[in-house]
Amino acid sequence: MANIRSAQKRIRQNERRRLRNAAVRSNVRSAVKSVRTALGAASVDEARATLARTIRVLDKAVTKGILHKNAAARRKSRLTRQLNALSKPKPASAARGA
């Protein structure tokens, strides 16, 4: 245990930040998982709405310093590409198996 008051305060601050970071990180993971679940169920409208909420959660995590902005951008891009691939209609030739 630290003896210096400033070190004791730093320990308290670090603990508060650790708990906040863990909560935000958990929220990000849950949001991403909900999008992936909606994509797996092939419900495009639900996935689109969930993706919008998830993008907001990712942007907030960047603002709070939990995620790097490029990491959040990469996750948003991957989820958006998966949604677009799901919502894009299949060509007629591919549907017949030609």
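Aspartate 59 is partly exposed in this predicted model. Its relative accessibility is 34%. This value lies between the 20% limit for buried residues and the 50% limit for exposed ones, so aspartate 59 falls in the middle class. Aspartate 59 forms a salt bridge with lysine 76. The closest N and O atoms of the two are 2.7 Å apart. The pair links distant parts of the chain. Aspartate 59 belongs to helix H2, while lysine 76 belongs to helix H3, which covers residues 69–87. The two partners are 17 residues apart.

The count of salt bridges comes to two. Arginine 18 and glutamate 15 also meet in a salt bridge through their side chains. The N to O distance here is 2.7 Å. Both residues lie in helix H1, which covers residues 5–40. They are three residues apart, about one turn of the helix. Arginine 18 is partly exposed, with a relative accessible area of 48%. Glutamate 15 is partly exposed as well, at 36%. In general, side chains of opposite charge can pair when their charged atoms come close.

Charge also appears on the surface as a patch. The patch is positive. Its members are Arg5, Lys9, Arg10, Arg12, Arg16, Arg17, Arg20, Arg56, Lys60 and Lys64. Helices H1 and H2 each supply at least two of these residues. H1 gives the most, with seven residues. Arginine 16 is one of the patch members, and it lies in helix H1. Arginine 16 has a relative accessibility of 55%. Exposed means over 50%, so arginine 16 counts as exposed.

Two further residues of helix H2 were examined for their surroundings. Threonine 50 is found in helix H2. Threonine 50 is buried, with a relative accessible area of 5%. The limit for a buried residue is 20%, and the value for threonine 50 is under it, which means that this residue is classed as buried. Leaving aside neighbours within four places in sequence, threonine 50 is in contact with Ser34 and Val35.

Valine 44 is also placed in helix H2, which covers residues 44–63. Valine 44 is partly exposed, at a relative accessible area of 22%. Because the buried class ends at 20%, valine 44 is not counted as buried. With neighbours within four places in sequence left aside, valine 44 is in contact with Leu83, Leu86 and Ser87. Asparagine 84 offers a distance for the same region of the chain as a reference: the C-alpha atoms of valine 44 and asparagine 84 are separated by 9.0 Å. Along the chain, these two residues are 40 residues apart.

The loops were considered next. Alanine 42 is in the loop between H1 and H2. Alanine 42 has a positive phi of about 60 degrees, although it is not a glycine. Most residues other than glycine have a negative phi. Alanine 42 is partly exposed, with a relative accessible area of 48%.

Histidine 68 is found in the loop between H2 and H3. Its relative accessibility is 51%. Values over 50% count as exposed, so histidine 68 is placed in that class. The C-alpha atoms of histidine 68 and leucine 58 are separated by 9.8 Å. These two residues are 10 residues apart along the chain.

Conventions
Residues are numbered from 1 along each chain as its sequence is written. This is a predicted model: local features need pLDDT of at least 70, side-chain atom pairs count only at pLDDT 80 or more; totals for chains, interfaces and linings use all residues. Side-chain values use heavy atoms; hydrogens and water are left out. Helices (H or I, at least four residues) and strands (E, at least two) are DSSP runs, numbered from the N terminus. Buried means under 20% relative accessible area, exposed over 50%, partly exposed in between (1.4 Å probe, protein chains only). Contact means heavy atoms within 4.5 Å. A salt bridge is a side-chain nitrogen of Lys or Arg within 4 Å of a carboxyl oxygen of Asp or Glu. Patches are made of residues with over 30% relative accessible area and no salt bridge: like charges are joined within 9 Å, nonpolar side chains (Val, Leu, Ile, Met, Phe, Trp, Tyr) within 5 Å. Accessible areas come from the Shrake-Rupley method with a 1.4 Å probe; for residues, only the protein chains shown count as cover. Lys and Arg count as positive and Asp and Glu as negative; His and the chain ends are not counted. The place of a charge is taken as NZ of Lys, CZ of Arg, CG of Asp or CD of Glu.
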